[in-house]
Amino acid sequence: SINLFNGFLFNVGGISLIFACVIIYFVSKQITKPIHELNNISKKMSSLDFSEKFVVKDRNELDALGENFNIMSDTLERTIAELKTSNARMREDVENSIRIDNMRKEFIANVSHDLKTPLTAIITYVDLILAENDPEKIKELENLGCKFVQIDNPIDLLDDSFDISPKDIIELSIRDINDAALASEQVQMF
């Protein structure tokens, strides 16, 4: 009878142990399933794939974490899209800036060449008149409104006047009025 009772306890204990193992397996599967889902979602997010979302079922800590993953995924996706848009606009701006700078250089080269020839002729003519030191011809030049200013190399002055970058334009636009008045006086000398 004791052997029978021991055999019964052994069988009941074994069946109970097997039943407990099965229950533990399914319960642990239910507990770890959201963790595995969050792990898979995080792997996809690290590859910039934001298509998969965590499905919130209960209101426990893992579901709250999953909901935060969804919010983070949406925010990252939106931010990356904004960055791509900004980069595209910046690329267009750089290309436009390069194109405009090339057009400016071409324009300056053409205008500079077109102005150098007549300017050289005028300067040479004025230098000849001044070299003759004929008061009558000098008076005619003054009547025409010519101002005589000593310029070492007028052609270099012309080249320098066309060498203005966008940065120079910005710097010129923020100078105070006193500098503008000084520049105006200097321009009137010419």
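## Exercises on a helical model

Arg104 has a relative accessible area of 24% and is therefore partly exposed. The model that supplies this value is predicted, and the exercises below work through its helices, salt bridges, a pocket and two individual residues.

**Exercise 1. Determine which secondary structure elements make up the protein and in what order they run.**

Step 1. The protein has six helices and zero strands.
Step 2. Read from the N terminus, the order of elements is α-α-α-α-α-α.
Step 3. The protein holds 190 residues, and 11% of them are buried.
Step 4. Among contacts with a separation of 6 or more, 55% join residues that are 24 or more positions apart.

**Exercise 2. Describe the salt bridge of Arg104: state its partner, its distance and its place in the helix.**

Step 1. The partner is Asp101, with 3.0 Å between the closest N and O atoms. The distance meets the criterion, because a salt bridge requires a side-chain nitrogen of Lys or Arg within 4 Å of a carboxyl oxygen of Asp or Glu.
Step 2. Both residues belong to helix H2 and are three residues apart, about one turn of the helix.
Step 3. Asp101 has 23% relative accessibility and so counts as partly exposed; Arg104, at 24%, is also classed as partly exposed.
Step 4. The arrangement extends to a further residue, since Asp101, Arg104 and Lys105 are linked in a network of salt bridges.

**Exercise 3. Give the exposure class of each residue in the salt bridges Glu52 to Lys44 and Arg59 to Glu67.**

Step 1. A search of the whole structure yields six salt bridges, including the two named here.
Step 2. The side chains of Glu52 and Lys44 meet at 2.7 Å, N to O. Glu52 is partly exposed at 30% relative accessibility, and Lys44 is partly exposed at 33%.
Step 3. In the bridge between Arg59 and Glu67, the closest N and O atoms are 3.2 Å apart. Arg59 has a relative accessible area of 68% and is therefore exposed, whereas Glu67, at 32%, is partly exposed.

**Exercise 4. Characterise the second largest pocket by its volume, its lining and the classes of its lining residues.**

Step 1. The second largest pocket encloses about 210 Å³ of space.
Step 2. Its lining consists of Gln30, Ile31, Lys33, Pro34, Phe54, Val55, Lys57, Asp58, Asn60, Leu62 and Asp63.
Step 3. Helix H1 (2-46) and helix H2 (61-132) each contribute at least two residues to this lining. The largest share, four residues, comes from H1.
Step 4. Sorted by class, the lining has five nonpolar, four charged and two polar residues.

**Exercise 5. Decide whether Ser73 is buried or exposed, and identify its surroundings.**

Step 1. Ser73 lies in helix H2.
Step 2. Ser73 is buried, because its relative accessibility is 1% and the class requires a value under 20%.
Step 3. When residues up to four places away in sequence are not counted, Ser73 touches Met45, Phe50 and Lys53.
Step 4. With Lys53, Ser73 makes a polar contact from side chain to side chain at 3.0 Å.

**Exercise 6. Explain why the backbone of Leu48 merits attention, and state where this residue is found.**

Step 1. Leu48 occupies the loop between H1 and H2.
Step 2. Phi of Leu48 is near 65 degrees, which is a positive value in a residue other than glycine.
Step 3. Such a value deserves notice because most residues other than glycine have a negative phi.
Step 4. The relative accessible area of Leu48 is 56%. Leu48 is therefore exposed, as this class begins over 50%.

Notes:
Residues are numbered from 1 along each chain as its sequence is written. This is a predicted model: local features need pLDDT of at least 70, side-chain atom pairs count only at pLDDT 80 or more; totals for chains, interfaces and linings use all residues. Side-chain values use heavy atoms; hydrogens and water are left out. On a 1 Å grid over the protein atoms alone, a cavity is a set of points where a 1.4 Å probe fits but cannot get out, and a pocket is an open set with protein on both sides within 12 Å along at least five of seven lines; lining residues have an atom within 4 Å of a point. Grid points are joined across faces, edges and corners, and a volume is the space filled by probe spheres set on the points. Ala, Val, Leu, Ile, Met, Phe, Trp, Tyr, Cys and Pro count as nonpolar, Asp, Glu, Lys and Arg as charged, and the others, Gly among them, as polar. Buried means under 20% relative accessible area, exposed over 50%, partly exposed in between (1.4 Å probe, protein chains only). A polar contact is a pair of N or O atoms within 3.5 Å; within protein, one must be able to donate a hydrogen and the other to accept it, and residues adjacent in sequence count only if both atoms are side-chain atoms. Contact means heavy atoms within 4.5 Å.
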